[in-house]
Amino acid sequence: SASDGHPVDGWLLHYRRPEPLAKSTAEKGLYGALGELDVEKEDLIIIDPKDNDLRETATSNLIFAAGNNLLIPEKFILQGIVLRQLLPLLRNDFSIARGSPRDSDLSDFSEILLCGTGRGLAPLSSLSELGWSSRGDAVFNQVRQTYDSLIERACA
C-alpha cells in the first residue's frame, strides 16, 4: 500500500476501546478522528485515559524498541495478522517482552514501529506531544527484512 514503510507522525488519542478485541463501527470517535489525518504520514496513537499506557494505533499494532529488546503490547489490543506472523520470527533476533509502556517510559525507546495489514511496516518518526522522536532505524531495517521475507512467502 502507499503507506507501507512511510515514516509516520503520531498524535495522541486518549481512548479506550469499548470492546478491545473487536473493531467496532460504534467507534466513531476513533475513526472520525482518523478521517482528519493524512493516513499515509500520520496515525493516532491510542493512550489509555486512566493507565496512561500506549497500546496500539488506530490502524496498527505497536512495537517499542530499545536496542535488541522489543516491548510489544498484548492486552486490550487488536492482535493484528501481521504482528501474529512476525512474532515467532522476531524471537530469533530480538528479546521480546509483552506489555504496554507508560507515557513516562517512552524516552527508553529509540524506535517505535507500526505494523498492520493496511499500513504494512512503518517507523514512527515522532510523537511530539510526549516529546518523543526516533533515534535511528537499525531495528526498523532488521524487522523490515523479516517482514519482506514473510510477504514474499505469502505471495509465493
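Three helices and nine strands make up this protein, and I should say at once that what we are looking at is a predicted model. If you follow the chain from the N terminus, the elements come in the order β-α-β-β-β-β-α-β-β-β-β-α. The protein has 156 residues, of which 46% count as buried, and its accessible surface comes to about 7600 Å², with 52% of that belonging to carbon and sulfur atoms. As for the contacts, taking those with a separation of 6 or more, residues 24 or more positions apart account for 68% of them.

Let me turn now to helix H2, which spans residues 81–90. Which residues of H2 are buried? They are Val82, Leu83, Leu86, Leu87 and Leu90, and because these residues cover an arc of only 130° around the axis, they sit on the same side of H2. What covers the buried residues of H2 includes several strands, namely E4 (61–66), E5 (69–72), E6 (95–98), E7 (111–116) and E8 (120–127), and also helix H3, residues 138–155.

That brings me to the pair formed by H2 and H3. In general, two packed helices are described by the angle between their axes and the distance between the axes. Here the axes of H2 and H3 come within 10 Å and cross at roughly 115°, and the crossing in which H2 passes H3 is right-handed. On the H2 side, the residues that take part are Val82, Gln85, Leu86, Leu89 and Leu90, and these meet Val143, Thr146, Tyr147, Leu150 and Arg153 in H3. Sorted by character, the residues of this contact divide into seven nonpolar, two polar and one charged. Notice that Val82, Leu86 and Leu90, which I named among the buried residues of H2, also appear in its contact with H3.

My last stop is His6, which lies in the segment before strand E1, that strand being residues 8–14. Is His6 buried or partly exposed? With a relative accessible area of 27%, His6 is partly exposed, because the buried class ends at 20% relative accessible area. Setting aside its neighbours within four places in sequence, His6 is in contact with Glu40, Lys41, Ala122 and Pro123. Of these partners, Ala122 deserves a word on separation, since His6 and Ala122 are 116 residues apart in sequence and yet 5.6 Å apart in space, C-alpha to C-alpha.

Notes: Residues numbered from 1 in each chain as written. Predicted model: local features only at pLDDT ≥ 70, side-chain atom pairs only at ≥ 80, totals over all residues. Heavy atoms only, no water. Buried < 20%, exposed > 50% of the residue type's maximum accessible area, 1.4 Å probe, protein only. Helix = DSSP H or I, 4+ residues; strand = E, 2+ residues; numbered from the N terminus. Arc of directions from axis to C-beta. Contact = heavy atoms within 4.5 Å. Areas by Shrake-Rupley, 256 points an atom, 1.4 Å probe, with all protein chains shown as cover. Axes fitted to C-alpha atoms, helices over the stretch in contact; angles between N-to-C directions. Left-handed = near helix turned anticlockwise from the far one by under 90°. Nonpolar A, V, L, I, M, F, W, Y, C, P; charged D, E, K, R; others polar.
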